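Opened the notebook for a session of looking things up. The plan is to start with the ligand, move on to the empty spaces, and end with a few single residues.

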Amino acid sequence: MHTTQHMPLAIRQMFRAFLEGVQERLYASSMPRDSDMFIVRLERFFPDFYTPLLQLYGQHPDFASQLANLGQRMVAAYVARPEALRLLDIKRQIIPDWFQHQSMLGYVCYTDRFADTLKGLSTRLDYLSELGISYLHLMPLLKTRPGPDDGGYAVQDYRAVAPALGTMRDLAELATELHARYISLCIDLVLNHTAHEHEWAQRAIAGDPKYLAYYHTFPDRTEPDAYERTLAEIFPTFAPGNFTWVPEIAGGGRWVWTTFNSYQWDLNYRNPAVFCDMADTMLFLANQGIDILRLDAVPYLWKQPGTPCRNLPEAHLLLQAFRAVMRVVAPAVIFKAEAMVPPDELVRYLGVGAATGKACELAYHNQLMVQLWSTLATQDATLMTHTLQQMPPTPPQANWITYVRNHDDIGWAVTDEHAAAVGMDGPQHRQFLNDFYSGAIPGSFARGARFQPNPATGDTRISGTTAALAGLEAALEANDPHQIDLAIQRILLLASVSLAAGGIPLIYMGDELGLPNTHTFLDAPTKAADNRWMHRPTMDWQQAAHRHDPQHPTGRIFAGLRHLIETRFDSAIFHGAASLQPLWSNNRHVFALVRHHPTGHILLLANFHPSDQTVAADVASAAGLTGPLRDLLDTTGQPLPITAGRILLPPYATMWLTSSDPPPA
Ligand code: GLC
């Protein structure tokens, strides 16, 4: 019954051996139809994990035994998969574009900062439904080390929830509740490193050779020094360098690879046992009802001497192998790559060339986010248009995550080449952005702060909430109605581009209300050194109570956002598969982008200037829109007024233009 014709000959034999290793257990513990289903998927996806694993580990002495181990773990996870999730697997195979649908809208929050606990969260679901949320990203919630834990990214136990938030059972119950509301659940999986306190690291400290091989450790500085020559520093202020001396490791201490903080130990993916254990962890989380795994810090997974150890081809092979394993056992689950890297590198995480359709389904569009803030500061869309035009097309069967802010600092990922192409100096521009958003430039509306200034390279990044960076905080303090208006318009401008540009837009908790920076972290010894906490506020439910008040800034932001969300929800043009292309509007203050879909086209116009701007109406015909134009955001339904051949955009206004003519049948 097996249909292995599509497999290359060399792989068929390996497939048969793999199948033989698992089928007895499979049929003994699953209903015949379920077992058949597993095998159908295995036939389809075996080459997709076997081939990369062979490339990565073919020469490793444990390859064969770890492959057999992987097979056993896959079957065990499949057998344990709850019935409701198996049904979801089938549904999502029938609707494979579910995560590209225009109804997808995400909300990101810390469980404790939003609702204290996981149980508390289930009492706040009406609030999310009111916003139209269909995707909830809960910031790191697994059990972390005691003391500083990098905001939850130093995991001690991948199979336990942080006790203060609840239990694994609470998480699974929340997932069920969310599914009943058609909300999918995303959580972080930190797969690049574990906490120093993780059991594997503890065993390595005890000198167990099996677990020493789970990490990169060195007896002296020879290799670390050689590596450092080509490595960057992520946290130069509080964790300089990439290696940490751990004196308690048996035998007199060793240097451990720690890309991030000294207590975050990088895993050694050259060891196939690490791959297997992490795949097993993913399957365990999938079986709790998680729909999207946010794979943290994926560019760093593979190390190779003489390279930056970032974005290496092997890191992509690892992701492809994880992906294919998941597709066999739990195809309802998809991956989101967290890779804050330059444009060409970024697209590879969604799968290009031979990896098309085999990589992560989702990746953060950090380029769009960076360009939004850059353009808001310069009031000039030239760099944004050029940069986004240079990006390779979005791979099919994938989607971007678009966003205005998240829990991290903003790193100005503007390449010197792109800056030079539009007559700008890269380093100078990045410095300008840091000065502007930290409020150092006179007249700047922003209230951000510098994060991790690196005196050696001159690099800095920026912390601050959307409201603080967009000027609302300063305007409210000054009690200046005109500045308040402008700040609200800026916030909605950024949201409008993020919602229309293509992808799943994420709202970062508090941005829907305009929450300001918080400074309470300064009193918490484990947080005080990390000013990213200034844009990780606690939910202000009192402020949320103003969300329906049309006079209150919060009410104005909330209503503006709701309007954008509802408009987007109604139109198939916002489906993730619609192609998108930035255009020159011939007014440097106005960003233009067109999306093409079989059901029609949409032209986004966004005025980044605080005064009225016009663009020639023929930008619409150049974008393929014919006949009278209509702005989807204009509730009057009237055709767009065009005066002397020009379209007028008020300060910071956006338009989502379509043609009133129906597209050809
Ligand atoms: C990711 C997270 C960031 C964290 C780092 C290390 O970049 O977004 O918050 O510090 O990974 O895990």
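Below are my entries in the order of that plan.

**Entry 1: the ligand**

Note to self before anything else: this is a predicted model. I began by listing what sits around the ligand. The shell consists of Asp150, Tyr153, His193, Phe235, Phe260, Gln264, Arg294, Asp296, Glu338, His407, Asp408 and Arg532. Sorted by class, I get 6 charged residues, 3 polar ones and 3 nonpolar ones in that shell.

Next I looked up some polar distances to ligand oxygens. For Asp408, a polar side-chain atom comes out at 2.4 Å from an oxygen atom of the ligand. For His407, the distance between a side-chain N or O atom and a ligand oxygen is 2.9 Å. Arg294 gives 3.0 Å, again from an N or O atom of its side chain to an oxygen of the ligand. How much of the ligand's accessible area does the protein cover? I find 94% of the 310 Å² that the ligand has on its own.

**Entry 2: the second largest pocket**

I then turned to the second largest pocket, which holds about 720 Å³ of space. Its lining runs to 25 residues, and those nearest the centre are Leu88, Lys91, Arg92, His179 and Tyr182. Which elements give two or more residues to this lining? I wrote down two names: α4, residues 83–94, and α8, residues 168–180. Of the elements, α4 gives the most, with 6 residues. By class, I noted 13 nonpolar, 9 polar and 3 charged residues in the lining of this pocket.

**Entry 3: cavities**

How many cavities of 30 Å³ or more does the structure hold? I have 7 in the list. I followed up on the largest cavity, with about 180 Å³ of space. It is lined by 16 residues, and Val404, Ala495, Ile507, Asp511 and Leu561 are the closest to its centre. Helix α21 (481–500), strand β17 (504–508) and helix α23 (553–569) each put at least two residues into the lining. The top contributor to the lining of the largest cavity is α21, with 6 residues. The class split for this cavity is 12 nonpolar, 2 polar and 2 charged residues.

**Entry 4: three single residues**

Thr111 came up next, and I placed it in helix α5, residues 111–115. Buried or exposed? Thr111 has 2% relative accessibility, so I put it down as buried, the cut-off for that being under 20%. I also checked Thr111 against Phe521: they are 410 residues apart along the chain, and their C-alpha atoms are separated by 17 Å.

Ala529 sits in the loop between β17 and α22 (541–544). Its relative accessibility is 63%, so Ala529 goes down as exposed, a label that needs over 50%. I paired Ala529 with Leu42, 487 residues away along the chain, and got 48 Å between the C-alpha atoms.

Last was Arg547, in the loop between α22 and α23. Why did I file Arg547 as buried? Because its relative accessibility is 16%, and the buried label applies under 20%. What does the side chain of Arg547 contact? I found Glu130, joined to Arg547 side chain to side chain by a polar contact of 2.7 Å.

Conventions: Residues are numbered from 1 along each chain as its sequence is written. This is a predicted model: local features need pLDDT of at least 70, side-chain atom pairs count only at pLDDT 80 or more; totals for chains, interfaces and linings use all residues. Side-chain values use heavy atoms; hydrogens and water are left out. A residue is near a molecule or strand if one of its heavy atoms lies within 4 Å of it. A polar contact is a pair of N or O atoms within 3.5 Å; within protein, one must be able to donate a hydrogen and the other to accept it, and residues adjacent in sequence count only if both atoms are side-chain atoms. Accessible areas come from the Shrake-Rupley method with a 1.4 Å probe; for residues, only the protein chains shown count as cover. Ala, Val, Leu, Ile, Met, Phe, Trp, Tyr, Cys and Pro count as nonpolar, Asp, Glu, Lys and Arg as charged, and the others, Gly among them, as polar. On a 1 Å grid over the protein atoms alone, a cavity is a set of points where a 1.4 Å probe fits but cannot get out, and a pocket is an open set with protein on both sides within 12 Å along at least five of seven lines; lining residues have an atom within 4 Å of a point. Grid points are joined across faces, edges and corners, and a volume is the space filled by probe spheres set on the points. Helices (H or I, at least four residues) and strands (E, at least two) are DSSP runs, numbered from the N terminus. Buried means under 20% relative accessible area, exposed over 50%, partly exposed in between (1.4 Å probe, protein chains only).
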